Amino acid sequence: MEEIFKAAKQIFIKGMEQQANTYACFSKTFEVKDIQEDLILLISAHVSYRAYINGTFISHGPAPAPFGYLRADRIKINGQVKLGRNRLSVEVMGYAPRENNYATFESSCLCAEIYQGSEIVIYTDKSWDCNIFEQKYLKTETLSFGRRVPLEWYRLDDGYGRWRADGISGGLVCEELDRPCTFLERGVSLPEFKIDDSPVFSMAVSMMKGTGEGPAVDWWESETYYGSVGANDLCRPSAECSSLKNTAFDGTIFIEDNFDKQGAVVLSDYTAPAGLEFAFEEAETGFIGIIFESKEPVQVDILFNDYLTEDGGVPVKADSVNRVIRLQTKGGEYAFEGFEAHFLKHVKLIVTGGNTFTLKKLYLRSYRHPDQYRADFRCDDDLLNRIYQSGRQTLLTNSLGFFLDSPERERAGWAGDSYWTGRAAQVLLSDVKIERAMLEDFLLAEPTKMMPFSFPSCCCGGDRQEEVMMPTWNMFVLLELTDYYRRTKDDELREKYKARVYGWMNAITDYENEMGLLEDLPGSLFLDWSASNQEDYNRPISTAINAFYAFLLKRTGELYEEERFLEKAERVYRTLREKYESITAARHEVFTMYPYIADSLYTENNQLKEKKFYSEAAQYYYFWSGMLDEKRAPELAKNILSQLGPAPSEFRGTAHLSLGNAGIFFGYMLRFEVLSMLGEFQQLKKDLKYLGNYMVSRDPHTFWETLGGTDSRNHGFGAHLAVVCVRDFLGIEIPDRVEKKVKIAPHPCGLKWAKGGYKTVDGPVQVQWYQNKTEFRLIATIPQDYQAEITLPKELMYAEKVRVNEILQDMEQIVTVKGNVSICIPL
């Protein structure tokens, strides 16, 4: 692998690279003689950096990477430098985190160089100035369940921020590190750092003591847990803020006029803590910034969230996150920007002290994948349009170096989730680079301790080897690889994965029983956030996981043309189908659960027996995997259509009330796939609108992890709901680059028109169709040399003729054309 850095050394403050939660600052001057040729800053760090040139913000990064690797950012800086002397200043947050899903448990470092052509202008070595960022207070509670690092608390002074332009005086010794590491290119677009500094000022209140939520009780915030990780006697700003409640403001408020943006807010003559509430127009992922001034010492608590409580308040604690940043000063003017990214829409400032307090600016600097506006969907149903737009916003705010599960609680790159977000990125962003980077991260990651060749649950977090394996998450990684290959024909990545795939397939055979079924799998088994995850439902033999296993064997067998995998797939399918046939044969027995098949099985006298635990989610896995279909299980298909899902049209019978309901993560996602496979598009539209409306009509208008609304209200996998709009109603199936084929199958379902598309590796695929009283017309643009296979709506098959590229011919439901096409059905 080619070296990325030509001269830079890994550096850190001497003797502190292993110390947890070290906030370090580094600075160095450099000379610029010519700004005509591109000047590039190449930079990486662990865990993360924030870079400035001459005191001006440049970038925040890098993209996370697996254990033993770091990704580097390349940033053009011509617009930020000047001829002559310049200064590069970098903040590095070195958490050295042991228990985080979004960062590896490794030592801290910085590595950077600026080059112009072949000349290295500046590079990191032991000559750099460095120091501890002493204004950050560390004896504070944990930020969140997934980011178990200290919540942000700063004691600001006159030196805060000044060093970025003026340099570091009286610093510590900088050391070059002998730190094993392989550097990788970022591989994806640099983040978007767009400033939104126009939040709406809602109101001012005073704060008084109330009952509040009280101290935290979650295990990850308990004194016992803190003691186990050596963190005792911590301050808890979230508990303090949650004990306050609103009352009438007891001071004077003045708002300066500013015709372009929110004017400064000036508070005076107040005695109780003051509360200032704001709302941004749209929820966004980014860094909170504030410029303020006070005459006397002041404490500013910045509360933030993506939704409001039932009484209109900004919740301090939500989704296992302590949502507050605390700032303390002795008076004066300060410009502050948080280091940790958050997902938010609503902000409340609690101002304690200060005598007179002036809020000059409140802003959010976005930190996510840039929107390049290369995909679209529109139709005459406004709710479907809103579902599509919410899906795009969900995906954008959860996309960075890889697909985040959520932009707040964990910011982790989970397998399983990425199967859905990978598809969504192609359809909603016209992007495959993020997915490739994430698949590359999983490939580079060490296997878990439970099984050779396995994959960790998160692509870039934790120790070198994860203790626990999630077998289904491993299966989703490999299935995603097969999907990704069809979308991209990326032969290089397919070959890189081959040894890992074959190794995984060989290792998993240790858990196959004499029937070829997986039994007593190690680790944590996850199918859906519902009863299907409980041990009684998935052990010793999980029917759904084995159906998934057969599907994976089939798809990887096709990917690598491996007959052994294909034969094993057929054997597993056959065994499970024979079991279902025996259930069908016994359907008239007393207390039968027919047409459902149990989630868990066991063997007795060489026969498969049911354990009598049933879940809705498992039934979807049977159809999605290809184990069952409408022909093999017509009654089950009928029940899935009418008695299950978020908006069933029929009640279940008494015998079937024990069937555990599905959740959205991933039960309902699979339901939508199954309804599409069954051709039940009217029900699909009904379910999608019912479920989608529940979420898009509530803050933050993104898609949730669970439907209770108390967990993450922005979870990346939910972006796939927007894919359904494009695939099933507009009608564009993701093109197959291997076969060079695009399947187009519009399903109007009462719509009058729809249009949209996206860009693929080989060019755009775009479709527009409409129908009126006289005709149905479809126009499609597809990549050059691709074949379009167009399936016309079955409700129009009564027509006798169809015009294909203006040539009249006999009506056929499936029309195959090479290149762009226009189709018209006279009605």
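Strand S34, residues 775–781, is mostly covered, with five of its seven residues buried. Buried means a relative accessible area under 20%, exposed means over 50%, and partly exposed lies in between, using a 1.4 Å probe and protein chains only. Strands here are DSSP runs of E with at least two residues, helices are runs of H or I with at least four, and both are numbered from the N terminus. The model is predicted: local features need pLDDT of at least 70, side-chain atom pairs count only at pLDDT 80 or more, and totals for chains, interfaces and linings use all residues. Residues are numbered from 1 along each chain as its sequence is written, and side-chain values use heavy atoms, with hydrogens and water left out.

**Strand S34 and its partners**

Two strands pair if DSSP finds at least two bridges between them. S34 runs antiparallel to strand S33 (residues 763–771), and six bridges join them. One of these contacts links Gln771 to its bridge partner in S34, Phe776. Three residues lie between S33 and S34, and the two strands form a hairpin. S34 also pairs with strand S39 (residues 821–826), again in the antiparallel sense and over six bridges. Here Ala780 has Val821 of S39 as its bridge partner. In a regular strand the side chains alternate between the two faces of the sheet.

**Annotated regions and domains**

Two features come from an unreviewed UniProt entry; UniProt positions are given in the numbering used here, feature names are shortened, and annotations may be inferred rather than shown by experiment. The record places "domain: Alpha-L-rhamnosidase C-terminal" at residues 740–795. That span is 0% helix and 59% strand, and its end C-alpha atoms lie 28 Å apart. The record also places "domain: Alpha-L-rhamnosidase six-hairpin glycosidase" at residues 375–585. Over residues 375–585 the chain is 58% helix and 3% strand, with 49 Å between the end C-alpha atoms.

A domain assignment, automatic or from a database, gives domain 1 (11–185), domain 2 (195–366) and domain 3 (741–826). The C-alpha centres of domain 1 and domain 3 are 53 Å apart.

**Nonpolar cores**

A nonpolar core is a set of buried Ala, Val, Leu, Ile, Met, Phe, Trp, Tyr and Cys residues joined through side-chain atoms within 4.5 Å. The largest has 161 residues, of which Tyr497, Trp504 and Trp624 touch the most other members. Helix H10 (residues 543–560) gives the most to this core, with eleven residues. Another core, of 45 residues, lies apart from it and includes Tyr270, Phe339, Val351 and Leu362.

Contact means heavy atoms within 4.5 Å. Leaving aside neighbours within four places in sequence, the residues in contact with Trp504 include Met451, Phe453, Pro471, Tyr549 and Leu552.

**Cysteines**

A disulfide is a covalent bond between the sulfur atoms of two cysteines. With a disulfide taken as a pair of cysteine sulfur atoms within 2.5 Å, a search of the whole structure finds zero. Cys235 is in no disulfide, and the nearest cysteine sulfur, that of Cys241, is 12 Å away. Cys235 counts as partly exposed because its relative accessibility is 26%. Cys749 is also in no disulfide, and the nearest cysteine sulfur, that of Cys379, is 11 Å away. Cys749 has a relative accessible area of 9%, so it is buried.

**Backbone angles**

Most residues other than glycine have a negative phi, and most peptide bonds are trans. The table lists the exceptions described here.

| Residue or bond | Value | Place in the chain |
|---|---|---|
| His46–Val47, cis peptide bond | omega about 10 degrees | Val47: loop between S3 (40–46) and S4 (48–53) |
| Tyr594–Pro595, cis peptide bond | omega about 10 degrees | Pro595: loop between H11 (563–585) and S29 (600–604) |
| Tyr373, positive phi | phi near 50 degrees | loop between S26 (357–366) and S27 (375–379) |
| Glu561, positive phi | phi about 50 degrees | loop between H10 and H11 |

Tyr373 counts as exposed because its relative accessibility is 66%. Glu561 is exposed as well, with a relative accessible area of 72%.

**Ala799**

Ala799 lies in the loop between strand S35 (787–791) and strand S36 (801–804). Its relative accessibility is 9%, so Ala799 counts as buried. Not counting residues up to four places away in sequence, Ala799 touches Met811, Ile825 and Pro826. Ala799 and Met811 are twelve residues apart in sequence, and their C-alpha atoms are 6.7 Å apart in space.
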